[in-house]
Amino acid sequence: MPKTRVRFAPSPTGPLHMGGVRTALYNYLYAKQKGGDFIIRIEDTDSHRFVPGAEEYIIEALNWCGIIPDEGIDENGKVVEVASEKHPHAPYRQSQRKPIYRQYAEQLVEGGYAYYAFDTPEELDAQRKEAEAKGQTFVYNFETRKHLRNSLTLSKEETAKLLEETSGWTIRFKMPEDTVVKMDDLIRGHIEVNSSTLDDKVLWKRADELPTYHLANIVDDHLMQITEVIRGEEWLPSLPLHYLLYQAFGWQDTMPRFAHLSLLLKPDGKGKLSKRDGDKLGFPVFPLRWVNAEGEVTRGYREDGYFPEAFVNLLAMLGWNPGTEQELFTMDELVQAFSLDRVVKSGARFNPDKAKWFNREYLRKKSDEELTKLFMPVLADHGIQAEESYVLKVVSLIKERATFVADFWDIAWYLFKAPTEYNEKDVAKFWKEENYSLALQVADLIENYDGEWTKDALEKTIEEYIRGNEWPMGKVMNCIRLALVGQSSGLGIADIVILIGKDEFKQRIERIKKTLL
C-alpha cells in the first residue's frame with residue numbers, strides 16, 4: 001500500500017471560507033490517522049481572480065487552527081519554491097509550475113484526447129446568442145465542435161498557421177460520445193454519468209500559458225503521488241472529466257480515490273452559507289478578520305474571541321459525527337475518531353448558537369490562570385491596571401457566566417471601577433424612600449461587619465438581618481446593587497463586597513447618597 005498523501009489546494013481569490021477550513025481539517029485528520037502526509041498546494045492558475053494577501057491569509061488561518069502541513073509550507077509560513085528532501089515536489093504554487101502543464105496538454109492532443117480550439121470570445125458569444133434565439137443553450141461539446149474553429153475541423157496546415165500566428169487559442173478535452181463514465185466516491189458511493197451530457201472543457205490557455213484547474217490538479221496530484229482527493233461537492237460535476245483525464249494519461253492504476261464533502265448550509269438550511277448570511281445574522285464565516293482592497297472589514301472567528309480549538313471542534317462536527325454522544329474533541333482525539341464513513345452526504349446546517357456553545361465549553365475547560373492572562377490585555381484596553389492575583393479571583397468568580405474572554409469585562413467591569421451614573425429605569429423602580437432607607441441600614445451593617453471575611457459568611461449575615469426584620473429582600477438588595485453596579489443586575493452583593501473591600505463599598509454608598517438623595 002502506498003503511503004497516504006492528501007492535499008488541500010486553495011485558490012488565493014479571497015479570504016478562506018470556513019467551509020474551506022473544514023475541507024483542510026478533514027484532509028489533515030485523514031492523513032494523520034493514516035500516518036500519512038498532509039500537503040498544501042496553492043492553485044493560482046486563475047490569474048484574473050488573484051487577490052493580493054489571500055495566500056498569506058490562507059496560511060495564517062490554517063496555522064491559527066493548528067492545521068499544520070507536512071509539505072508545501074516552510075517553517076516561516078511561506079510557500080516552498082525550491083525542492084528539498086522535505087518538500088520534494090516544489091514549487092507548490094501552480095503559477096510557478098507553468099512549464100510542466102503544456103507538455104501534458106500537448107500529450108493529450110497527440111494521443112487524440114484533446115484538440116486545439118481557435119474560437120474567439122466574440123465567435124463563442126455569437127454562438128450563445130444564436131442558441132438563445134432558438135430557446136436553446138450553447139454547449140461546446142461532441143456535436144458543436146464539428147462546426148467550430150478547431151483542429152478537428154481545420155486542415156493541418158491551417159491549424160499549424162493559427163498556432164504560430166495567434167495567441168488566443170486553447171486546448172480543449174475531446175469528450176467521448178455516448179460513453180458511460182463509472183466512478184466511485186468514498187462518501188457518495190457509485191456514480192455513473194453519460195459523457196454525452198458533458199462539455200469539452202478548456203485544459204490549457206495560450207494567452208497566459210496557464211492550465212485550468214482541471215488539467216493542473218490532475219497533473220499535480222499525479223506527480224505529487226496523492227492517494228485521496230477530499231474536496232467540496234462543487235467539484236463533483238467535474239469528476240467524470242477527471243476520471244477520463246486519468247484514463248487518457250494512462251494513470252488509472254495510480255488514480256487517487258475521491259471524496260466529495262457536502263456544503264455548509266445557512267442556519268435555516270436553505271442554501272450555501274455565505275458572507276452575506278454572516279453579515280445579516282451577525283456571525284463570522286471566515287476564520288480571521290479580512291480587509292479587502294476597498295478597506296471593507298469582514299469579521300473573523302479569531303477576532304470575535306473564539307478559541308482556535310473551539311472553532312476546529314465545531315467545524316469537525318459540521319458534516320461528521322463520531323457515532324457517540326461525545327461532542328468535545330481535542331485535535332488528537334479528532335485524529336483518532338475521524339472517519340470518512342461517518343461524513344454525511346447531505347448539507348450540514350450551521351448553527352451560530354452552537355458555535356458559541358463550543359467556545360463557552362472550551363472557556364470553562366481552561367484554567368483560571370490561563371484566562372487571567374488572556375483577560376489582562378482586555379483590562380489594559382479599558383485603562384485598568386490591576387494586580388494579577390485580584391484579576392484571578394474575579395475570573396474564577398465569573399468564568400461560568402461567559403462565552404468569550406471579552407465578556408469578562410461586560411460581566412464584571414464594576415469590580416475594577418465604581419459606577420459614575422445609575423440606570424434611570426432601575427432608579428425609578430427601586431430607589432424609593434421605603435426601600436433605600438432600609439438598604440442604607442443594611443449598608444451600615446456591612447460597613448461594621450467584623451465576622452469571617454468570606455462570601456458565604458457575609459451573605460448569611462445580610463440575609464438573616466433582612467429576613468429578621470421582615471424587609472422585602474429583592475427591593476433592598478437592588479438598592480444596594482444600584483450603588484455598587486449602577487444598575488439592578490449583577491453579581492451577588494456579598495461577592496462584590498468581598499472583592500472590592502469595605503473602603504470601596506463605603507465610598508460607593510456615599511456616592512449614590514450624594515447623587516440621588
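Which hand does the crossing of helix 17 and helix 18 have, left or right? It is right-handed, and this pair makes a good place to start a walk through what is a predicted model. Helix 17 covers residues 455–468 and helix 18 covers residues 473–485. Their axes lie 10 Å apart and the helices pack at an angle of about 130°. Helix 17 and helix 18 are therefore oblique to each other. If you want to find the contact on screen, look on helix 17 for Ile462, Glu463, Ile466 and Arg467, which meet Met473, Val476 and Met477 of helix 18. Sorted by class, the residues of this contact are 5 nonpolar, no polar and 2 charged.

Next, turn to helix 16 (residues 433–447) and helix 19 (residues 493–516), whose axes come within 10 Å and cross at roughly 125°. That angle makes helix 16 oblique to helix 19. The crossing of helix 16 and helix 19 is left-handed. From helix 16, the residues Leu440, Ala443, Ile446 and Glu447 take part in the contact, and helix 19 brings Ile493, Val497, Lys502, Phe505, Lys506, Ile509 and Lys513. Here the classes come to 7 nonpolar, no polar and 4 charged residues.

A third pair is helix 12 (residues 368–381) with helix 13 (residues 388–398), where the axes come within 9 Å and cross at roughly 110°. That makes helix 12 roughly perpendicular to helix 13. The crossing of helix 12 and helix 13 is right-handed. On the helix 12 side you will find Asp368, Glu369, Leu371, Thr372, Lys373, Phe375, Met376 and Leu379, and they meet Glu388, Val391, Leu392, Val395 and Ser396 in helix 13. The residues of this contact divide into 7 nonpolar, 2 polar and 4 charged.

Helix 12 holds another residue to look at, Glu370. With a relative accessible area of 38%, Glu370 is partly exposed. For a sense of distance, draw a line from Glu370 to Leu241: the two are 129 residues apart in sequence, and their C-alpha atoms are 52 Å apart in space.

Now for the interior. The largest nonpolar core has 158 residues, and Phe375 is among those with the most contacts inside it, together with Met18, Ile67, Leu415 and Phe416. Phe375 also appears in the contact of helix 12 with helix 13. What does Met18 touch, leaving aside residues up to four places away in sequence? The neighbours of Met18 are Leu264, Leu273, Pro284, Val285, Tyr301, Phe311, Leu314, Leu315, Leu318 and Phe350. Apart from the largest core lies another, of 7 residues, among them Ala117, Leu124, Ala131 and Tyr140.

Let us move on to helix 3. Its buried residues are Tyr101, Tyr104, Ala105, Glu106, Leu108 and Val109. What covers these residues includes strand 3 (114–117), strand 4, strand 7 (202–205), strand 8 (210–211), helix 6 and helix 7 (239–249). Helix 3 is followed by Gly112, whose phi is positive, near 85°.

Just before helix 3 (98–110) is the loop that joins it to helix 2 (54–65), and Arg97 lies in that loop. Is Arg97 buried or exposed? Its relative accessible area is 4%, so Arg97 counts as buried. Not counting residues up to four places away in sequence, Arg97 touches His89, Ala90, Pro91, Asp220, Leu223 and Met224. Two of these neighbours deserve a second look, as the peptide bond from Ala90 to Pro91 is cis, with omega near 0°. Pro91 is found in the loop between helix 2 and helix 3.

Some backbone details round off the tour. Most residues other than glycine have a negative phi, and most peptide bonds are trans. Asp178 has a positive phi, near 50°, and is found in the loop between strand 4 (170–173) and strand 5 (180–185). At 56% relative accessibility, Asp178 counts as exposed. Gln225 also has a positive phi, near 60°, and sits in the loop between helix 6 (213–223) and strand 9 (228–232). Gln225 is exposed, with a relative accessible area of 51%.

Notes
Residues numbered from 1 in each chain as written. Predicted model: local features only at pLDDT ≥ 70, side-chain atom pairs only at ≥ 80, totals over all residues. Heavy atoms only, no water. Axes fitted to C-alpha atoms, helices over the stretch in contact; angles between N-to-C directions. Helix = DSSP H or I, 4+ residues; strand = E, 2+ residues; numbered from the N terminus. Parallel < 35°, antiparallel > 145°, perpendicular 65-115°, else oblique. Left-handed = near helix turned anticlockwise from the far one by under 90°. Contact = heavy atoms within 4.5 Å. Nonpolar A, V, L, I, M, F, W, Y, C, P; charged D, E, K, R; others polar. Core = buried A, V, L, I, M, F, W, Y, C linked by side-chain atoms within 4.5 Å. Buried < 20%, exposed > 50% of the residue type's maximum accessible area, 1.4 Å probe, protein only.
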